[in-house]
Amino acid sequence: MKDQIIKFLAYNGKISVACCSTTNLVEEARKLHDLSPLATAAMGRVLTITALIGAEMKNKTDKLTIQIKGNGPIGKIVAVSDKFSHVKACITNPHADLPLNEFGKLDVGGAIGNQGFINVIKDIGLKEPYIGISPLTSGEIAEDFANYFQTSEQKQTAVALGVLVDKDGVRSSGGYIISPMPDATDEEISKVEKAIFEAGAISKMLDNNLSLEEIAKKVTGDENVQIIDTSIEPEYECKCSKEKFADGLMTLGNEQLTELIEEDGKAEIQCQFCNKRYNFSKEELEEILIRTEK
Ligand code: ZN
């Protein structure tokens, strides 16, 4: 199945649902960062929520950055998306490992930690970016984001994120966000709550080859969900280039660049989002120095 986000309306437009599968892009992240199974599950969940929130943006140049920093052994995860859900991420400790939790599952909550913060930064072309902050509650990511939506955006939502990893890599990955419209009744909301409970884990449903539409029906309890948008196909994408890193070197300023040229005579920079390496020779660094002097 290709990676996709599909937006639905259930209960005659009163409940909105965005469902996504991210199996391929999370596998790509696993390979690029050489992630442990635990780090794959953690980064996979973060990439999935980033793709889902990214898909809500309006303009081509809009940019979403999500930072999660807890007190667990993973360190910090940063993920970025554009409105097409082209995502990328970096992580402090890609090889983090912990014993399975009490349910026999990868202990993502322990890996992220339950003390710390989520930062959601939306740069939508205004003078200042929008910044939302909320504390981590469990480190399991989905719960933390439901809490974020509640406290920072005053939105009641149900968030589910799941990654199934085995020794060969990512078997399935995906998630959904369900939010009631203002006219949703209490009865409809409790039907959805019951349906979510009965549906089980999203990664399991994807692993059983359920389509996103079948999943949307299951998690809402509405057989007549309406498809609103099928256009978004999330992907792992890093657009780094030597030119961009050269611009980055320019911001070091005259003094530091001169020092770098005299002491090291070269520079090697590794992109933290895709691990590609870029080498700058002494001559190239000198050219960059001349450009800073202009
Ligand atoms: Zn890169």
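Donors are the N, O and S atoms within 2.8 Å of the metal. With that in hand, welcome to this predicted model. Its zinc ion has donors that follow the spacing C-x1-C-x30-C-x2-C along the chain. From there, the tour moves on to a helix with a buried side, an open sheet of six strands, and a buried threonine, Thr40.

**The zinc site**

- Four cysteines coordinate the zinc ion through their SG atoms at 2.3 Å: Cys238, Cys240, Cys271 and Cys274.
- The angles among the four donor atoms run from 101 to 118°, and the site is tetrahedral.
- Cys238 and Cys274 link distant parts of the chain, as they are 36 residues apart.
- Cys238 sits in the loop between β11 (235-236) and α8 (242-250), while Cys274 belongs to the loop between β12 (267-270) and β13 (277-280).
- Both Cys238 and Cys274 are buried.

**Helix α9 and its two faces**

- Helix α9 spans residues 254-263, and its buried residues are Leu257, Leu260 and Ile261.
- These three lie on the same side of α9 because they cover an arc of only 95° around the axis.
- Turned away from that buried side is a face with the exposed residues Glu255, Glu262 and Glu263.
- The cover over the buried residues of α9 includes α8, β12 and α10 (282-293).
- After α9 comes Gly265, which has a positive phi, near 70°.

**The six-stranded sheet**

- Reading across the open sheet, the strand order is β7-β6-β3-β4-β5-β11, and the pairing is mixed.
- β7 (130-135) and β11 are the edge strands, each pairing on one side only.
- β11 also has a place in the zinc story, as the loop holding Cys238 lies between β11 and α8.
- Within the sheet, β3 (residues 63-70) and β4 (residues 76-81) are antiparallel partners, joined over six bridges.
- One of the residues to look for here is Leu64, whose bridge partner in β4 is Ser81.

**Thr40, a buried threonine**

- Thr40 is part of helix α2, which covers residues 37-54.
- Thr40 counts as buried because its relative accessibility is 0%, and the cut-off for buried is under 20%.
- Apart from neighbours within four places in sequence, Thr40 is in contact with Val26, Arg30, Leu35, Val163, Val165 and Val170.

Key. Residues are numbered from 1 along each chain as its sequence is written. This is a predicted model: local features need pLDDT of at least 70, side-chain atom pairs count only at pLDDT 80 or more; totals for chains, interfaces and linings use all residues. Side-chain values use heavy atoms; hydrogens and water are left out. Donors are N, O and S atoms within 2.8 Å of the metal (3.2 Å for Na, K and Ca); water is not among the atoms, so sites may look incomplete. Four donors count as tetrahedral if all angles lie between 85 and 135 degrees; four count as square planar and six as octahedral if opposite donors are over 155 degrees apart and all others between 65 and 115; anything else is irregular. Helices (H or I, at least four residues) and strands (E, at least two) are DSSP runs, numbered from the N terminus. Buried means under 20% relative accessible area, exposed over 50%, partly exposed in between (1.4 Å probe, protein chains only). The arc is that of the directions from the helix axis to the C-beta atoms. Contact means heavy atoms within 4.5 Å. Two strands pair if DSSP finds at least two bridges between them.
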